[in-house]
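Work through the following exercises with the coordinates open beside you. Each task is followed by a solution that goes step by step.

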Amino acid sequence: MEEWIIDILISLAKTLAFFGVILLWAAYITLGERRFASFFQNRLGPNRAGIFGLLQPLADGIKFMMKEEIIPKNANRAFYLLGPTLFITIALIPWAAIPFGDTVVIAGREVKLQIVDLNVGILFMIAVSSIGVYGIMIGGWASNNKYSLLGAIRSSAQLISYEITMGIALAAVFLLSGSLSTRDIIIAQMQSPWHWNVFVQPLGFIVFFVSILAETNRVPFDLAEAESELIVGYHTEYGAFKFAMYMLSEYINLITASALITLLYFGGWGIPFVDLGRLGLSVNLAGLISVIVFLVKTGFFVFVFIWIRWTLPRFRYDQLMNLGWKILLPLALVNLFGTAVVALLV
Amino acid sequence: MAINVRAKYLNKTEEMSFIDRLYLPAIVKGMFITMKHFLFTKAYTVEYPEERKPIAPRFRGRHVMKRDEMGRERCTACYCCQYSCPAECINIEAAEVTGDIRNNHPEDKYARVFEIELLRCIFCGFCQEACPKAAIYLEEFYELADYDDRSKYLLTKKEMMETEGKPVKYRV
């Protein structure tokens, strides 16, 4: 076989595997969120479909597909359909740059467990995820519903203001690792857990964590879908599978956020005090372990997001803007400046 | 000026300390509280069809008609329950006791038809209180929900009556 055919096949297989894993994971987060929520509230949660309710996502999926597709009479048809499509596409694209693990050897060649190792990986992800606002804005506007529009406005205002803070917090990380590639950032943290950016950049981590919480539109920053005021915000008028697409992409964004935290601040697939390269394992086994470690770390942060959701009350709109512009932005700038000075001196 | 003693405390706005204004310690504390619920508190859920809560001894569920110790129907069609029923859901037709059925009834009169419209009944228990013969009781059966067929909600005497020596077989 020609070399380039093998390359294309490996790329295709990676892409399919990645998207399969992400979509399945997002579907199971819906179950996880519901069950964990009920444990936090001393309930049992959905446990009827299959053992521990494990078939619940399947049942939900079938329900969403069987339901009638309703398009509101006064909605802008084309944009109404474009909204969820755009949103889920944009939610999936950042995964092209996220590394799940180290390298493995397939068919005699080294394969990075990452769809593409861009040298501007993080920049690419942030650029793409900022387009996500359009999915929300288009969906909210096209539904021709005041609650949808209000939710969309809130959501986009929030996303835009917190993106700046997030970007500045990230700039400090780039200064330390000297690279924008996700893989290089992880490798820069590999030496020991004390090199993890969460310890090197504690202030930056807090700022980044709060901003990414706002970016994913989750409690305590879920103003965009504030049930008590706006029904569910920008997807109020969406039903059936279009609603499922919005929900799924929100959960995909949640996983993306967790993966970002893992790879930027918690050393990616590195195990504390264990150097996989020195254990004398085969390359493929080490690669597999690195994938598992990465997934466990990401899963933990998904759980933290759910945990936060059932602990904190929602922010008010002015409080949100205050926190973003008057507190987090100056903190991020101070952090960047301090890091720059230290990086210059050391 | 404070209007009363309590107002003095209420009007005082406490300055938050620097730690308070950071919010993070409070958030961490809150998260530990929720985690405590997650890990250690048992769920209060009663998983209904398999698990049931005990009902009160004086619970008023679906009606049951009793027999006496000799296996005879206690009801003598005196209409006391019908008169006392605030929802007017009881329909009785009396008839004379003759011939074969004589050893089924203690008196000369019996209820040939005894119907209760369950959809009208408010389960107040007045019929049970009014009955001089202790013939009608509201007992523990409460799963009365159904769909589609409303004729099931006309409770007839046959369905309510205790069979001899056995408890009533519940339907609906």
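**Exercise 1. Determine what share of the contacts in chain B between residues at least 6 apart in sequence joins residues at least 24 apart, and describe the chain around that value.**

Step 1. Counting as a contact any pair with heavy atoms within 4.5 Å, one finds that 68% of the contacts in chain B between residues at least 6 apart in sequence join residues at least 24 apart. The model is a predicted one, in which local features need pLDDT of at least 70 and side-chain atom pairs count only at pLDDT 80 or more, while totals for chains, interfaces and linings use all residues; side-chain values use heavy atoms, with hydrogens and water left out, residues are numbered from 1 along each chain as its sequence is written, and chains are lettered from A and ligands numbered from 1 in the order in which they are written.

Step 2. The secondary structure of chain B comprises six helices and five strands, where helices (H or I, at least four residues) and strands (E, at least two) are DSSP runs numbered from the N terminus. Along the sequence the pattern reads α-α-α-β-α-β-β-α-β-β-α.

Step 3. Of the 172 residues of chain B, 29% count as buried, with buried meaning under 20% relative accessible area, exposed over 50%, and partly exposed in between (1.4 Å probe, protein chains only). The accessible surface of chain B is about 12,800 Å², and 55% of that area belongs to carbon and sulfur atoms; such areas come from the Shrake-Rupley method with a 1.4 Å probe, and for residues only the protein chains shown count as cover.

Step 4. The domain assignment, whose bounds come from an automatic or database source, divides chain B into domain 1 (2-40) and domain 2 (63-162). Taken over C-alpha atoms, the centres of these two domains of chain B are 61 Å apart.

**Exercise 2. Establish the strand order of the open three-stranded sheet in chain B, and trace its pairing.**

Step 1. The order is 2-3-5, with antiparallel pairing, where two strands pair if DSSP finds at least two bridges between them. Strand 2 (90-96) and strand 5 (154-155) of chain B are the edge strands, each pairing on one side only.

Step 2. Strand 2 of chain B and strand 3 of chain B are joined in the antiparallel sense over seven bridges, and B:A94 stands opposite B:A111 in strand 3 of chain B.

Step 3. Strand 3 (residues 109-117) of chain B is joined to strand 5 of chain B by two bridges, again antiparallel. On this side B:E117 stands opposite B:L154, and B:I116 stands opposite B:L155.

**Exercise 3. Compare the surroundings of A:F52 and B:A77, and decide whether each is buried or exposed.**

Step 1. Most residues other than glycine have a negative phi. Phi of A:F52 is nevertheless positive, near 55°, and phi of B:A77 is likewise near 55° and positive.

Step 2. A:F52 lies in the loop between helix 1 (3-40) and helix 2 (56-66) of chain A, and with a relative accessible area of 59% it is exposed.

Step 3. B:A77 is found in the loop between strand 1 (63-65) and helix 4 (80-84) of chain B, and at 0% relative accessibility it counts as buried.

Step 4. B:T76 has its place in that loop between strand 1 and helix 4 of chain B, and is buried with a relative accessible area of 10%. Neighbours within four places in sequence left aside, B:T76 is in contact with B:P106, B:E107, B:K109, B:Y110 and B:K133.

**Exercise 4. Identify which residues of the largest nonpolar core touch the most other members, and which helix gives the most to this core.**

Step 1. A nonpolar core is a set of buried Ala, Val, Leu, Ile, Met, Phe, Trp, Tyr and Cys residues joined through side-chain atoms within 4.5 Å. In the largest one, of 71 residues, those touching the most other members are A:I122, A:F208, A:I261, A:L264 and A:Y265. Helix 10 (residues 240-265) of chain A gives the most to this core, with 12 residues.

Step 2. With its neighbours within four places in sequence left aside, A:I261 is in contact with A:F205, A:F208, A:F209, A:I212, A:F266, A:F301 and A:F305.

Step 3. Apart from this core lies another of 25 residues, including B:C81, B:C89, B:I92 and B:F141.
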